[in-house]
Amino acid sequence: MASSSKPKRIYDVFLSFRGTDLRKNFVGHLYTALNQNGVHTFIDSEELRKGDQISVALMKAIEESCIAIIVFSEDYASSWWCLEEAAKIMECKEQGDLIVFSVFYKVEPKEVRTPRESYNKAMDKHEFKFGKDLEKVKRWKKALFDAGGLSGWHLNEGDESKLIQEIVKEISTYLVQTSLHVAKHPVGIDSPVAELKLMLNLKSHEDVVMVGLWGQGGIGKTTLSKALYNAIFRQFDGSCFLANVREASKNSKDLVPLQERLLFDILKLQKKLEVSSVDRGIILIQQRLCHEKVLLVLDDVDDLHQLEALAGGRNWFGDGSRIIVTTRDKHLLTCHEIDQDHVYEVKALYINEARELFSNHAFSTCQKIEIATDLVDKVLNHVGGLPLAIVVLGSFLLGRRECEWESTLNNLSRIPDETINNVLKISYDGLDANAKEIFLDIACFFKWRNIEYVKKVIDSCGYEATIGLEILIERSLISISFRGGLEVHDLIQSMGMDIVRQECRSDLGRRSRLWLYDDVVDVLSHDMGDCVVEAIVLQPLEPIEIYISRDAFTKMRKLRLLILDNVHNSFQGPIFLPKELRWFRWDGCAFYNLKFSHGPKKLVGLELSNCSITAMPNQLKGFQQLKYMTLRGCNSLVSMPDLSCTPNLEELYLFHCKKLLEIHESVAYHYKLRVLHLLGCNKFSIFPSVLQSKNLQRLFIEECKKFGRFPDIPHKLESLKELHIKESAIKEIPASIENLCSLKSMRLSSCENLA
């Protein structure tokens, strides 16, 4: 979206009137008084340039004005052009772009509104000339009706100079409410402002509407709220934009100055109103503003107490008021009873908008340095549509050579920009301990991973995944794709990784998480004493070989998560694992070489891929906490062990274990097993003769071509909801299938022997 397409405000006031006599007297004196008070005023005879079409020029002047004053005199309606002006003025008012006042100069307001007398005669002539049904005449009548009902001034035989002073004072008061600076180069503003104006329902003058602008740090919430404020503030009796509420109210006492500022701005006070306490301020705001139509913007709110002290309820403000809150915390808006229909998510810029904003900051008109397009694309890819990052990096790169651009990008891949990082880190600093740990795990290890899988891993490590993930979503630190993948903005991910690096710059063993190849190798290959590493995830794209010694992990007493994919260990002897380990996954490891420290094991998740094991007779003893087990591509595995030694096992996945023949009969009676899924186990044929797992919810046996007999179900199984059998040798389904009384989905496909 290009920068704002709305007309720039050039004039403070547009004067609409009829007649030379009025120009030489009342209107002329009003024009002079306004200009003498610094009010830039449009009057047609002085501003129109030669050759301009009067219609285009005047319409443009109306659009470029903040306030219009219509001076209704006796012969105003006799001019079809004055009526066209009035219609245009009222249309701009209806769109919320113009404040309109009426001056009834020696005519009665009802004469204009009805119309009567001279106005009635004038309209009769226009109807005769243009026709009664002409749309143009209808527009003029509506404009007179609406404008005749506006607040303004009425003069018959009074003192004109006194009235002019009143008008100048009133106009000056309105103009004191100045617009806010939005941005040096506003880009991507128009469309969101239009959407928010619809959400605010500005045409309704009865309800008090609260709207929340929600999004991550640096996404442009403040910029957008300023642009919205500028577009609508003149439609209210009073307005106030309270910037940076979070920073300005670090404790409850600091809310008092904000309450004072709110009252001062909205009531247009000459002197600051003294507020003795927050509680007193709440009462004052309620008492003084409950009958005022106000616009209040609370920017960067991060605590419910701030909302309760500054805009505690809709009944604090008069009908037609609008309250706008910007925040990084979506739940804060929910707590303040702002429904989801009134929460606007501020999103990153589209690529064309990001490119325009970046070009505005990174290139000047006088710049002679040529920068390759691919370098610009790399920067845009790095910032990911985040306006703050675009402005900061664009300004930094302005006037620099290509080699400096390349050096900057290389540096940013290792160390985030401090200005950007500090803004993003505010959201992290506001998290509780549980959410902080979950965020760091996601930033370092789990971007793009399936949310259900990540929940299992996080829960297994002793954290509360459900509430923690919800908080991270509410704070705009993560999001969930429509396919269920965890999404994290590159700069937010970089911020999280940098937090871990800052734990200890020089000693890798003093960091909580490791994910880079060199760092992992360094820690595993050296004796670093007591190591505080909690999690290691190493997933290179290509297979690598590293040396992991017998006691490499025993020094990691806090290690809870170990995931190694595409990693082959050149050491052939046994490897000892700490008993604190909660989740273990290794692609290609020799499981029989893995030994756990003595004592109760805390392992919750076990994933083994491409392991050369024939059986697991004793390996699972002592794993009382094990809930999730996946064996994938273990082509030497022939049989599964007795699962009664893992009483808490909930999910068992056996994928592409080519030589697997049988599953132990303990599966049929396992009390907590919820999911059993076999896939591509070509030789699998021996399944327990009966199935009595009371909590089993999903049973999938797919592409197991030797599987020929489905078990009997002697008793009702009320938990089993999904049964899928694909490419098997089964010949019949037993009649006892009727005991699957809660079955919702049953798929039998490519079972060629099924009679």
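Guide: Let's start with a term: a polar contact is a pair of N or O atoms within 3.5 Å, where, within protein, one must be able to donate a hydrogen and the other to accept it, and residues adjacent in sequence count only if both atoms are side-chain atoms. This is a predicted model, in which local features need pLDDT of at least 70 and side-chain atom pairs count only at pLDDT 80 or more, while totals for chains, interfaces and linings use all residues. Residues are numbered from 1 along each chain as its sequence is written, and side-chain values use heavy atoms, with hydrogens and water left out.

Visitor: Which residue's backbone oxygen lies 2.8 Å from a polar atom of the side chain of His-126?
Guide: First, place His-126: helix α7 (residues 117–130) holds it. (Helices are DSSP runs of H or I, at least four residues, and strands are runs of E, at least two, numbered from the N terminus.) Among the residues in contact with His-126 (heavy atoms within 4.5 Å), leaving aside neighbours within four places in sequence, are Ser-78, Trp-80 and Ala-77. The backbone oxygen at 2.8 Å belongs to Ala-77.

Visitor: Is His-126 buried or exposed?
Guide: Buried means under 20% relative accessible area, exposed over 50%, and partly exposed in between (1.4 Å probe, protein chains only). His-126 has 7% relative accessibility, so the verdict is buried.

Visitor: Where does Glu-337 lie, and is it buried or exposed?
Guide: Most residues other than glycine have a negative phi. Glu-337 isn't a glycine, yet its phi is positive, about 60°. You'll find Glu-337 in the loop between α16 (330–335) and β10 (343–345). Its relative accessibility is 62%, so Glu-337 counts as exposed.

Visitor: And Ser-476, buried or exposed?
Guide: Ser-476 also isn't a glycine and has a positive phi, about 65°. Its loop runs between α24 (465–474) and β11 (479–480). With 12% relative accessibility, Ser-476 counts as buried.

Visitor: Which helix gives the largest share of the largest nonpolar core?
Guide: A nonpolar core is a set of buried Ala, Val, Leu, Ile, Met, Phe, Trp, Tyr and Cys residues joined through side-chain atoms within 4.5 Å. The largest one has 88 residues, and Phe-439 is one of those touching the most other members. Nine residues of this core come from helix α22 (residues 433–446).

Visitor: How many residues are in the second, separate core?
Guide: Its members include Met-556, Leu-620, Leu-660 and Leu-699. The count for this second core is 70 residues.
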